[in-house]
Amino acid sequence: GCTGLTSITILDGVTDIGDKAFNECTGLTEITIPGSVTSIGDGAFLFCRGLTEITIPGSVKSIGDDAFWGCTGLTAIDVSSGNPKYASEDGVLFDKGKKTLIKYPQKKLGTYSIPAGVTRIEKEAFNSCRGLTEITIPGSVTSIGDDAFDCCIGLTKIRIAEGSALDTINLTDGNDAAIEYY
């Protein structure tokens, strides 16, 4: 809750960013995470509304639940290429094999096409992404976690591959998006 904290450089040698370490540091706009960090805890950056970008170093092996939840200014989550567990593409966080989409930054605007080959969308992956207007979900996606698209109030269209296994999943919880098949 240090609302006046605007930037921080974590010292080299620190291995863990604890649960809720920067919770409600709403003024935080810049953070440097060293290559010694291996773990980012649950809610580590919860409600860091001023944070616009974050880079996950190659050393990080675990990112806790809701690590970036409520980061309404976040436009990109980038991952160093040498990371053995995580990857990013266009600022979106995935597992290393890009089979699971973990987190879409809340302030990323416009349309988005999930890359072919992704099979799972993690719970709350797009939660409260108010600037997301349209999303295309490929036929490779067979599983969507709870509240994945909850409160995406700007979302007007969800495009799903014809014959997809997603017919029975409620994708429009908390928004008025139309579902279209392609």
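Which residues is Asn127 in contact with, leaving aside its neighbours within four places in sequence? Keep that in mind while you open the model, which is a predicted one, and select Asn127 in the loop between β12 (120–121) and β13 (132–137). With its surroundings displayed, and with neighbours within four places in sequence left aside, Asn127 is in contact with Trp69, Lys103, Gln106, Asp147, Ala148 and Asp150. Its relative accessible area is 4%, so Asn127 counts as buried.

**Next, select Gln106**

From Asn127, step across to one of its contacts, Gln106, which is found in the loop between β10 (100–103) and β11 (110–113). Gln106 has a relative accessibility of 6% and therefore counts as buried. Two polar approaches of its side chain are worth displaying: one reaches the backbone nitrogen of Cys71 at 3.0 Å, and in the other a polar atom of the Gln106 side chain lies 3.5 Å from the backbone oxygen of Ser128. If you then show the wider surroundings, not counting residues up to four places away in sequence, Gln106 touches Phe68, Trp69, Gly70, Cys71, Thr72, Leu74, Asn127, Ser128, Cys129 and Arg130.

**Strands β8, β9 and β10**

Now select strand β8 (residues 86–89) together with strand β9 (residues 92–95), which pair in the antiparallel sense over four bridges. Within this pairing, look for Ser88, which stands opposite Leu93 in β9. The hairpin of β8 and β9 has two residues between the strands, and in it Asp90 takes a positive phi near 55 degrees.

Follow β9 onward to β10, with which β9 pairs in the antiparallel sense over two bridges. Leu93, already selected as the residue opposite Ser88, also stands opposite Lys103 in β10. The hairpin that β9 and β10 form has four residues between the strands, and Lys98 in its turn has a positive phi of about 55 degrees.

**The largest pocket**

Keep β10 displayed, since the next stop is the largest pocket, where β10 supplies the largest share of the lining, namely three residues. In total 15 residues line this pocket, and to centre the view on it you can select Gly64, Asp65, Asp66, Ile102 and Glu122, which lie nearest its centre. The space in the largest pocket amounts to about 280 Å³.

**The parallel sheet and Ile40**

Moving to another part of the fold, select β2 (16–17), β4 (39–40) and β6 (62–63), three strands that form an open sheet in the order β2-β4-β6 with parallel pairing. β2 and β6 stand at the edges with a single partner strand each, so one side of each is left without a neighbour in the sheet. Between β2 and β4, the parallel pairing runs over two bridges, and here Ile17 stands opposite Ile40 in β4.

Is Ile40 buried or exposed? Its relative accessible area is 1%, and because the cut-off for buried is under 20%, Ile40 is buried. Not counting residues up to four places away in sequence, Ile40 touches Ile17, Ile33, Phe45, Ile56, Val60, Ser62, Ile63, Gly64 and Ala67. For a sense of scale, draw a distance from the C-alpha atom of Ile40 to that of Ile135, 95 residues apart along the chain, and the separation is 28 Å.

**Aromatic rings**

Phe45, one of the residues that Ile40 touches, leads to the aromatic pairs, of which there are seven when ring centres must lie within 6.5 Å. In one of them, the rings of Phe22 and Phe45 have their centres 5.5 Å apart and their planes at 5 degrees, so this pair is stacked. The pair links distant parts of the chain, with Phe22 in the loop between β2 (16–17) and β3 (30–32) and Phe45, 23 residues apart from it, in the loop between β4 (39–40) and β5 (53–56). Both Phe22 and Phe45 are buried. Elsewhere, select Tyr104, Tyr112, Phe126 and Phe149 together, which form one aromatic cluster.

**Last stop: Leu5**

Return to Phe22 and select Leu5, which lies in the segment before β1 (7–9). Not counting residues up to four places away in sequence, Leu5 touches Phe22, Cys25, Gly27 and Leu28. The C-alpha atoms of Leu5 and Cys25 are separated by 6.5 Å, although these residues are 20 residues apart along the chain. With a relative accessible area of 25%, Leu5 is partly exposed.

Definitions and conventions. Residues numbered from 1 in each chain as written. Predicted model: local features only at pLDDT ≥ 70, side-chain atom pairs only at ≥ 80, totals over all residues. Heavy atoms only, no water. Phe/Tyr/Trp six-rings, centres within 6.5 Å; stacked < 30°, edge-to-face > 60°. Buried < 20%, exposed > 50% of the residue type's maximum accessible area, 1.4 Å probe, protein only. Pairing = 2+ DSSP bridges. Polar contact = N/O pair within 3.5 Å; in protein donor to acceptor, adjacent residues only side chain to side chain. Contact = heavy atoms within 4.5 Å. 1 Å grid on protein atoms, 1.4 Å probe; cavity = no way out; pocket = protein on both sides within 12 Å on 5 of 7 lines; lining within 4 Å. Points joined across faces, edges and corners; volume = space filled by probe spheres on them.
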